[in-house]
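Let's walk through this model together, from its helices to its core and loops. Please have the viewer ready to follow along.

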Amino acid sequence: MLSKAMTDRLNEQINLEMFSSHLYLQMSSWCAYKALDGCATFLSQHADEEMMHMRRLISYLQETGAFAIISGMEAPPKEFNSLQELFEKIYSHEQFITSKINELVHLATTESDYSTVQFLQWYVAEQHQEEFLFKGILDKIRLIGTEGQGLFFIDREVANLAVTTGKETTSMSTTPA
Ligand code: FEO
(Lines give C-alpha, C1' and ligand atoms only; values in the text may rest on other atoms or scores of the structure.)
Protein backbone atom coordinates (compact mmCIF):
# COMPACT_ATOMS: atom_id res chain seq x y z
CA MET A 1 0.00 0.00 0.00
CA LEU A 2 1.27 3.44 -0.90
CA SER A 3 1.54 6.31 1.57
CA LYS A 4 -0.47 9.45 0.84
CA ALA A 5 2.75 11.36 0.17
CA MET A 6 3.90 8.71 -2.33
CA THR A 7 0.49 8.59 -4.01
CA ASP A 8 0.47 12.39 -4.37
CA ARG A 9 3.97 12.47 -5.85
CA LEU A 10 3.24 9.65 -8.30
CA ASN A 11 0.12 11.50 -9.38
CA GLU A 12 2.24 14.62 -9.94
CA GLN A 13 4.53 12.52 -12.10
CA ILE A 14 1.55 11.34 -14.14
CA ASN A 15 0.91 14.95 -15.03
CA LEU A 16 4.54 15.67 -15.77
CA GLU A 17 4.66 12.76 -18.21
CA MET A 18 1.47 13.97 -19.86
CA PHE A 19 2.91 17.48 -20.10
CA SER A 20 6.02 15.98 -21.72
CA SER A 21 3.78 14.29 -24.28
CA HIS A 22 1.96 17.54 -25.05
CA LEU A 23 5.26 19.39 -25.27
CA TYR A 24 6.74 16.94 -27.79
CA LEU A 25 3.55 16.81 -29.82
CA GLN A 26 3.56 20.62 -30.01
CA MET A 27 7.23 20.57 -31.00
CA SER A 28 6.44 17.94 -33.63
CA SER A 29 3.81 20.28 -35.02
CA TRP A 30 6.33 23.16 -35.12
CA CYS A 31 8.79 20.94 -37.01
CA ALA A 32 6.12 19.83 -39.50
CA TYR A 33 5.21 23.50 -40.07
CA LYS A 34 8.90 24.21 -40.84
CA ALA A 35 9.05 21.24 -43.27
CA LEU A 36 11.36 19.31 -40.90
CA ASP A 37 9.49 16.07 -41.45
CA GLY A 38 12.09 13.75 -39.89
CA CYS A 39 12.11 15.72 -36.63
CA ALA A 40 8.30 15.91 -36.71
CA THR A 41 8.00 12.12 -36.97
CA PHE A 42 10.62 11.52 -34.28
CA LEU A 43 8.96 13.93 -31.83
CA SER A 44 5.50 12.57 -32.55
CA GLN A 45 6.78 9.08 -31.70
CA HIS A 46 8.38 10.47 -28.59
CA ALA A 47 5.10 12.06 -27.54
CA ASP A 48 3.56 8.55 -27.73
CA GLU A 49 6.41 7.25 -25.60
CA GLU A 50 5.67 9.85 -22.91
CA MET A 51 2.04 8.75 -22.86
CA MET A 52 3.29 5.22 -22.26
CA HIS A 53 5.38 6.54 -19.34
CA MET A 54 2.21 8.13 -17.98
CA ARG A 55 0.18 4.95 -18.40
CA ARG A 56 2.78 2.86 -16.57
CA LEU A 57 2.33 5.15 -13.57
CA ILE A 58 -1.46 4.89 -13.78
CA SER A 59 -1.21 1.07 -13.90
CA TYR A 60 1.12 1.01 -10.91
CA LEU A 61 -1.17 3.22 -8.82
CA GLN A 62 -4.14 1.05 -9.76
CA GLU A 63 -2.29 -2.18 -8.96
CA THR A 64 -1.54 -0.84 -5.47
CA GLY A 65 -5.16 0.17 -4.85
CA ALA A 66 -4.39 3.91 -5.07
CA PHE A 67 -6.42 6.49 -6.99
CA ALA A 68 -4.69 7.72 -10.15
CA ILE A 69 -5.69 11.31 -10.91
CA ILE A 70 -5.42 13.18 -14.20
CA SER A 71 -5.14 16.91 -13.53
CA GLY A 72 -5.23 19.97 -15.76
CA MET A 73 -2.02 21.47 -17.05
CA GLU A 74 -0.66 24.53 -18.81
CA ALA A 75 -0.28 24.61 -22.57
CA PRO A 76 3.24 23.77 -23.77
CA PRO A 77 5.36 26.48 -25.45
CA LYS A 78 4.72 26.67 -29.20
CA GLU A 79 7.25 29.20 -30.51
CA PHE A 80 10.92 28.37 -31.00
CA ASN A 81 13.65 30.50 -32.57
CA SER A 82 15.49 27.55 -34.08
CA LEU A 83 15.70 23.77 -34.15
CA GLN A 84 18.72 23.98 -31.88
CA GLU A 85 16.76 25.97 -29.32
CA LEU A 86 13.95 23.42 -29.51
CA PHE A 87 16.29 20.50 -28.76
CA GLU A 88 18.05 22.49 -26.03
CA LYS A 89 14.64 22.92 -24.37
CA ILE A 90 14.00 19.18 -24.66
CA TYR A 91 17.36 18.34 -23.12
CA SER A 92 16.79 20.63 -20.14
CA HIS A 93 13.23 19.35 -19.78
CA GLU A 94 14.50 15.76 -19.62
CA GLN A 95 17.09 16.78 -17.03
CA PHE A 96 14.24 18.28 -15.00
CA ILE A 97 12.24 15.03 -15.33
CA THR A 98 15.30 13.07 -14.18
CA SER A 99 15.47 15.25 -11.06
CA LYS A 100 11.77 14.53 -10.37
CA ILE A 101 12.32 10.77 -10.76
CA ASN A 102 15.29 10.99 -8.39
CA GLU A 103 13.07 12.78 -5.86
CA LEU A 104 10.53 9.96 -6.15
CA VAL A 105 13.22 7.32 -5.60
CA HIS A 106 14.47 9.27 -2.60
CA LEU A 107 10.99 9.43 -1.08
CA ALA A 108 10.34 5.73 -1.72
CA THR A 109 13.68 4.82 -0.17
CA THR A 110 13.07 7.06 2.85
CA GLU A 111 9.71 5.35 3.38
CA SER A 112 11.25 1.87 2.92
CA ASP A 113 8.73 1.42 0.09
CA TYR A 114 10.84 -1.08 -1.84
CA SER A 115 8.07 -2.04 -4.26
CA THR A 116 8.00 1.55 -5.49
CA VAL A 117 11.78 1.75 -5.46
CA GLN A 118 11.84 -1.25 -7.79
CA PHE A 119 9.03 0.12 -9.96
CA LEU A 120 10.94 3.39 -10.37
CA GLN A 121 14.13 1.67 -11.54
CA TRP A 122 12.62 1.46 -15.01
CA TYR A 123 12.26 5.27 -15.04
CA VAL A 124 15.79 5.75 -13.75
CA ALA A 125 17.14 3.69 -16.65
CA GLU A 126 14.77 5.38 -19.12
CA GLN A 127 15.89 8.86 -18.07
CA HIS A 128 19.52 7.87 -18.56
CA GLN A 129 18.66 6.74 -22.11
CA GLU A 130 16.61 9.85 -22.87
CA GLU A 131 19.30 12.26 -21.70
CA PHE A 132 21.84 10.31 -23.77
CA LEU A 133 19.54 10.40 -26.81
CA PHE A 134 18.83 14.13 -26.71
CA LYS A 135 22.40 15.07 -25.83
CA GLY A 136 23.43 13.09 -28.93
CA ILE A 137 21.02 15.02 -31.15
CA LEU A 138 22.23 18.35 -29.74
CA ASP A 139 25.85 17.33 -30.35
CA LYS A 140 24.98 16.53 -33.99
CA ILE A 141 23.25 19.88 -34.44
CA ARG A 142 26.31 21.68 -33.05
CA LEU A 143 28.65 19.60 -35.21
CA ILE A 144 26.77 19.85 -38.50
CA GLY A 145 25.40 23.37 -37.98
CA THR A 146 22.10 24.65 -39.32
CA GLU A 147 23.42 26.80 -42.18
CA GLY A 148 22.89 25.85 -45.83
CA GLN A 149 22.10 22.14 -46.14
CA GLY A 150 22.82 21.56 -42.45
CA LEU A 151 19.14 21.53 -41.46
CA PHE A 152 18.39 18.99 -44.18
CA PHE A 153 21.12 16.63 -42.95
CA ILE A 154 20.08 17.02 -39.30
CA ASP A 155 16.47 16.28 -40.19
CA ARG A 156 17.61 13.13 -42.01
CA GLU A 157 19.71 12.02 -39.02
CA VAL A 158 16.78 12.52 -36.63
CA ALA A 159 14.46 10.67 -39.04
CA ASN A 160 16.77 7.63 -38.69
CA LEU A 161 16.44 7.86 -34.90
CA ALA A 162 12.66 7.83 -35.28
CA VAL A 163 12.83 4.47 -37.03
CA THR A 164 15.21 3.07 -34.40
CA THR A 165 13.61 4.35 -31.19
CA GLY A 166 10.01 4.02 -32.29
CA LYS A 167 10.20 0.24 -31.81
CA GLU A 168 10.68 0.65 -28.05
CA THR A 169 7.41 2.40 -27.29
CA THR A 170 4.88 -0.38 -26.83
CA SER A 171 5.48 -2.20 -23.51
CA MET A 172 2.98 -1.28 -20.79
CA SER A 173 4.09 -3.78 -18.16
CA THR A 174 5.13 -2.24 -14.85
CA THR A 175 7.32 -5.21 -14.02
CA PRO A 176 11.02 -4.90 -14.92
CA ALA A 177 12.09 -6.52 -18.20
FE1 FEO B 1 9.04 10.40 -19.62
FE2 FEO B 1 11.07 11.80 -21.61
O3 FEO B 1 10.65 11.20 -19.87
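The paragraphs below begin with one helix and its partner, then turn to the core and two loop residues.

A word on the ground rules: this is a predicted model, in which local features need pLDDT of at least 70, side-chain atom pairs count only at pLDDT 80 or more, and totals for chains, interfaces and linings use all residues. Residues are numbered from 1 along each chain as its sequence is written, and side-chain values use heavy atoms, with hydrogens and water left out.

Start with helix H3, residues 83-110; helices here are DSSP runs of H or I with at least four residues, numbered from the N terminus. The expected span of a helix is 1.5 Å times one less than its number of residues. For the 28 residues of H3 that gives 40 Å, and the end C-alpha atoms are 41 Å apart, which agrees.

Now bring in helix H4, residues 114-144. The axes of H3 and H4 come within 9 Å and cross at roughly 160°, where axes are lines fitted to C-alpha atoms over the stretch in contact and angles run from 0 to 180 degrees between N-to-C directions. H3 is therefore roughly antiparallel to H4, a label for angles over 145 degrees. The contact of H3 with H4 involves 17 nonpolar, 6 polar and 6 charged residues; Ala, Val, Leu, Ile, Met, Phe, Trp, Tyr, Cys and Pro count as nonpolar, Asp, Glu, Lys and Arg as charged, and the others, Gly among them, as polar.

Leucine 104 sits in H3 and counts as buried because its relative accessibility is 2% (buried means under 20% relative accessible area, exposed over 50%, partly exposed in between, with a 1.4 Å probe and protein chains only). Its C-alpha atom is separated by 8.3 Å from that of valine 117, 13 residues apart along the chain.

What about the core? The largest nonpolar core, a set of buried Ala, Val, Leu, Ile, Met, Phe, Trp, Tyr and Cys residues joined through side-chain atoms within 4.5 Å, has 26 residues, and Cys31, Phe42, Leu86 and Phe87 have the most contacts inside it. Helices H1 (4-33), H2 (37-63), H3, H4 and H5 (150-165) each supply at least two residues of this core, with H1 giving the most, 6 residues.

Finally, look at the loops. Most residues other than glycine have a negative phi. Alanine 35, in the loop between H1 and H2, has a positive phi of about 65° and is exposed at 56% relative accessible area. Serine 112, in the loop between H3 and H4, has a positive phi of about 55° and is partly exposed at 44%.

Note on methods:
Parallel < 35°, antiparallel > 145°, perpendicular 65-115°, else oblique.
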